[in-house]
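Let's walk through this model together, beginning with a pair of helices and then moving out to the cores and the whole chain.

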Amino acid sequence: MKKTTARILVIDDQEDILFAAKMLLKKHFETIYTANNPKNILKLLAENAIEVVLLDMNYRIGFEDGREGIYFLKEIKKFSPHTIVILMTAFGKVETAVEGLKSGAFDYVLKPWENEKLVQTVKQAVETSRIEARKNKKKLVSDVTNNPFFIGHSTLIKKAYSLAEKVAKTDANVLILGENGTGKFVLAQYIHQQSDRSNNAFVHVDLGSLNDNLFESELFGYAKGAFTDAKIDTAGRFEKAQNGTLFLDEIGNVPSHLQAKLLQIIQTKTVTRLGESKPRPLDVRIITATNLDLKQEVLSKQFREDLYYRINTMEIKLPPLRERLEDKIPLAEFLLNKIILKYEKGKITFDEKSLHQIKEHAWNGNIREMENRIERAIILCENETIKVSDLDLEIITRYEENQEDLHLSEIEKITIEKVLTKNECNISKSAEELGLSRAALYRRMEKYNINQS
């Protein structure tokens, strides 16, 4: 008989009941967990992707009214709403069972149970769990598809997106400022999709990665024969964005001798292909972005002042993730769901410790770093639960004024030494406390010349 691939948890304070249930159910289902203390339920749910819980309703001698079972049922549904719960009791009253059903239980069974009936009830619960999982996945696809932008609740990010909404309906040029990984590309997309140009092209150009020799041909296009490899007439990025939006990322990295060419196109709203003399009219919305301080670049003569004012009709600054404390956990959940769909995974959750570390971590690489770590964790995690070791984050660093002159590497070294000392140089315990894998901890010890003894 082929077993059903399912994870079942049985909670009862009597060892003989647990043994009997496990012996029966393991014949039909792949994985059976047992526990004799209901206080361990949430920990077990966090660490294992359990689909069905068989929950005893009474745990203390003399208290056989089922109230404890109702309490833990509500705790399970609060912590994991999609987990299916079957109540078990030898002293159950109809009223208590009905209350359990009203509180979210799938069904109830009386002890001693009939083997065939118990197995059939659990099979039905597993099937219900699978149906709910498919519904949740469809809802997840719908949510991510219909809400591709995570904004958040912090004052700074809401202010940035409020400005974006206001300017989106105009054709004003927008300059987006922010550190690497803060979401400048996403905000540019948001402005485009909120604009009257949303049905037309959104063209992204990473100016920082463009070779000087390719800059003009990529942006402005070229005529056949304009240079050796120019086999056919080719439109540049400006023309490809006609009637839409052109997003010029890393605008601060454009060499000064090419800034004048950009300025001319933006001023005249025309573009001339290489090898041609007749300018072509442009109807393009320009959005630019940089992680540099352009005002300082202007003062140091590294960036043209006239170009700065041309691209900066509206300036929007994106805050780093360290200034968006209340957004860290919701953003992590958003990115988790997005990446789950990418890899077509089932339900995956963060455990309590990993959520704590996500909240406390400095995220110096901002959203890009968080997305990278979560994607890695999804690939590595076992039992559909992301743990601290799966995230493999660097040492938590938080800015403090009295450590202003202390290099991050020195803070990291000191932290590692303190944790090793606390754990008497136990690598496994220290790695877990630091949120690192053993290999990652060994690499850092070698880097900072820290002796294990």
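Start where helix H6 passes helix H7 in a right-handed crossing (the near helix is turned clockwise from the far one by less than a right angle). Helices here are DSSP runs of H or I with at least four residues, strands are runs of E with at least two, and both are numbered from the N terminus. H6 covers residues 155-168 and H7 residues 184-194; their axes, 8 Å apart, make an angle of about 40 degrees. The axes are lines fitted to C-alpha atoms over the stretch in contact, with angles from 0 to 180 degrees between N-to-C directions. The two are therefore oblique, the class left after under 35 (roughly parallel), over 145 (roughly antiparallel) and 65 to 115 degrees (roughly perpendicular). Tyr161, Ala164, Glu165 and Ala168 of H6 make the contact with Val186, Leu187, Tyr190, Ile191 and Gln194 of H7, contact being heavy atoms within 4.5 Å.

A word on the ground rules: this is a predicted model, with local features needing pLDDT of at least 70 and side-chain atom pairs 80 or more, while totals for chains, interfaces and linings use all residues. Residues are numbered from 1 along each chain as its sequence is written, and side-chain values use heavy atoms, leaving out hydrogens and water.

Now zoom out. The chain has 19 helices and 16 strands, and 45% of its 453 residues are buried, meaning under 20% relative accessible area with a 1.4 Å probe, protein chains only. Of contacts with a separation of 6 or more, 70% join residues 24 or more positions apart.

How values were computed: Buried < 20%, exposed > 50% of the residue type's maximum accessible area, 1.4 Å probe, protein only.
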